[in-house]
Amino acid sequence: MAARQDAIARALAHFDSGAFRAHLAELVAVKSTSQDPGHEADVRDYLEAHIRPWLERMGFGVAVHDNPRAGFGPILTAERMEGAGLPTVLTYGHGDTVRGLEDQWRAGLDPWVLTEEGDLWYGRGSADNKGQHAVNLAALEAVLAARGGRIGFNVKLVLETSEERGSVGLRDFVATRAKELAADVLIASDGPRVMPEVPTITTGTRGTFHFDLVLKYRPGGVHSGHWGGLTRDPAVRMAHVLGAIMDANGKILVRDWLPRNGVPAVVRQVLAGCEVGGGGDSASIDDGWGEPGLTAAEKIYGWNSFIVLAMISGRPENPVNAVAPDARAHCQIRYTVDSDPATFEASLRRHLDENGFRDVAIENAGIRMPASRTDPHHPWVKWAVASMEATLGKRVQVIPNSSGGLPGDVFVDFLGVPLVWVPHSYNGCKQHGPDEHFLASNAREGIAAFAGMWWDLGEKAA
Ligand SMILES: [Zn+2]
């Protein structure tokens with residue numbers, strides 16, 4: 001036990017000395033956005049000049065592969081094998097970030113400079129995902145030192161660089177390398193905890209399904225005086241179409257989209273008493289919005305959501321006196337494994353037809369990221385909960401799937417591994433917008449939790 005404490009103490013000493021923050025600052029300074037063309041070299045540099053040497057120092061064999069899909073970022077794989085009979089952990093991260101949005105950050109902040117303000121460490125990628133994989137690797141380094149270079153298990157790593165473009169290429173990559181990536185479990189970090197102060201394990205992710213709703217009535221706008229009141233207005237029709245899909249209080253009316261038997265008992269059970277929030281001023285949880293009868297946690301972890309990501313009719317920035325020719329809404333469904341996305345388009349078509357909207361077309365419908373879920377009571381999940389609770393002295397909240405997306409399905413489909421995601425961020429971290437930040441207190445708990453888990457894995461083998 002003293003040795004376990006020693007490993008955790010080493011990880012915390014590294015954190016408290018400022019060395020972890022300095023290292024993260026170097027990682028954040030690499031402008032490795034996959035969303036702005038012109039940064040391909042930075043993305044590769046992140047893997048080759050920053051991650052590779054670090055991993056090699058820890059005894060990993062490292063390779064950087066071209067993405068199987070032309071035009072998308074490279075994928076780093078690494079492995080550190082100690083013995084065939086030992087447990088093998090696969091871990092994952094992404095080295096790419098969303099675009100910098102340099103002009104939108106608060107005065108005094110720069111997306112590519114890690115800036116500390118109290119508990120907040122601002123910087124692009126600080127939370128999504130550089131800070132998160134850096135925490136896990138720094139913890140591993142501390143355990144390696146505490147164990148004199150032999151950790152007692154095998155580690156494999158996949159670090160992709162097109163996650164912020166939908167993990168393009170990852171599925172093909174893992175499919176063709178299933179043997180070399182084979183592992184007993186995936187343990188990795190991304191996304192938010194349920195609440196900033198509540199250590200969380202998520203055993204999957206919701207999927208995303210996108211489609212466009214399109215109303216096209218005429219080639220161009222027609223005079224609003226001579227035609228308004230005579231000819232169909234696509235903006236008004238679109239408002240009613242959306243009203244047929246979701247009521248005024250956020251309840252989805254296309255009931256065939258929803259989990260057929262409601263929220264499964266096992267999901268309801270792990271979510272009992274689970275609070276949601278911690279978003280600060282970024283968004284509020286609105287009472288009475290969404291599916292009636294569900295708790296806030298059940299709404300985002302046990303149910304499906306419908307969101308209009310963007311919509312347009314006419315030109316709002318330059319209106320003219322005309323009935324618009326068309327309207328378009330780009331929509332998203334976030335769904336759990338309890339519903340079948342293969343039926344979404346057909347059920348929507350049927351629902352719209354029944355409600356008198358035969359004139360609206362559904363275009364570009366399809367899955368962007370599939371849903372995944374490991375049984376929240378899986379032995380590996382229980383093991384991880386026990387390890388983290390022993391280290392942190394706090395209850396760990398298990399959620400059946402993250403509300404957001406991650407490519408866990410790829411590892412389930414081709415490697416058959418259970419998913420143990422341990423998010424180190426929180427809902428108010430502003431990832432994907434200006435002023436992204438990481439909470440130092442969460443990072444500190446994360447590094448301790450992972451030092452404990454990496455230590456316990458070595459004991460598990462013995
Ligand atoms: Zn992201």
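Buried here means under 20% relative accessible area, exposed over 50%, and partly exposed in between (1.4 Å probe, protein chains only). This is a predicted model, where local features need pLDDT of at least 70, side-chain atom pairs count only at pLDDT 80 or more, and totals for chains, interfaces and linings use all residues. Residues are numbered from 1 along each chain as its sequence is written, and side-chain values use heavy atoms, with hydrogens and water left out.

**View 1. The zinc ion and its donors.** Asp 128 (OD), Glu 164 (OE), Glu 164 (OE) and His 432 (NE2) coordinate the zinc ion at 1.9 to 2.7 Å. Donors are N, O and S atoms within 2.8 Å of the metal (3.2 Å for Na, K and Ca); water is not among the atoms, so sites may look incomplete. The angles between the four donor atoms run from 53 to 135°, so the arrangement comes out as irregular. For four donors, tetrahedral would need all angles between 85 and 135 degrees, and square planar would need opposite donors over 155 degrees apart and all others between 65 and 115.

**View 2. Asp 128 and Glu 164 in their loops.** Along the chain, the donor residues follow the spacing D-x35-E-x267-H. Asp 128 sits in the loop between β5 (120-122) and α4 (130-146), and Glu 164 in the loop between β6 (154-160) and α5 (170-176), so the pair ties together parts 36 residues apart in sequence. Helices (H or I, at least four residues) and strands (E, at least two) are DSSP runs, numbered from the N terminus.

**View 3. How covered are those two donors?** Glu 164 has 11% relative accessibility, so this residue counts as buried. Asp 128, at 3%, counts as buried too.

Definitions and conventions. Four donors count as tetrahedral if all angles lie between 85 and 135 degrees; four count as square planar and six as octahedral if opposite donors are over 155 degrees apart and all others between 65 and 115; anything else is irregular.
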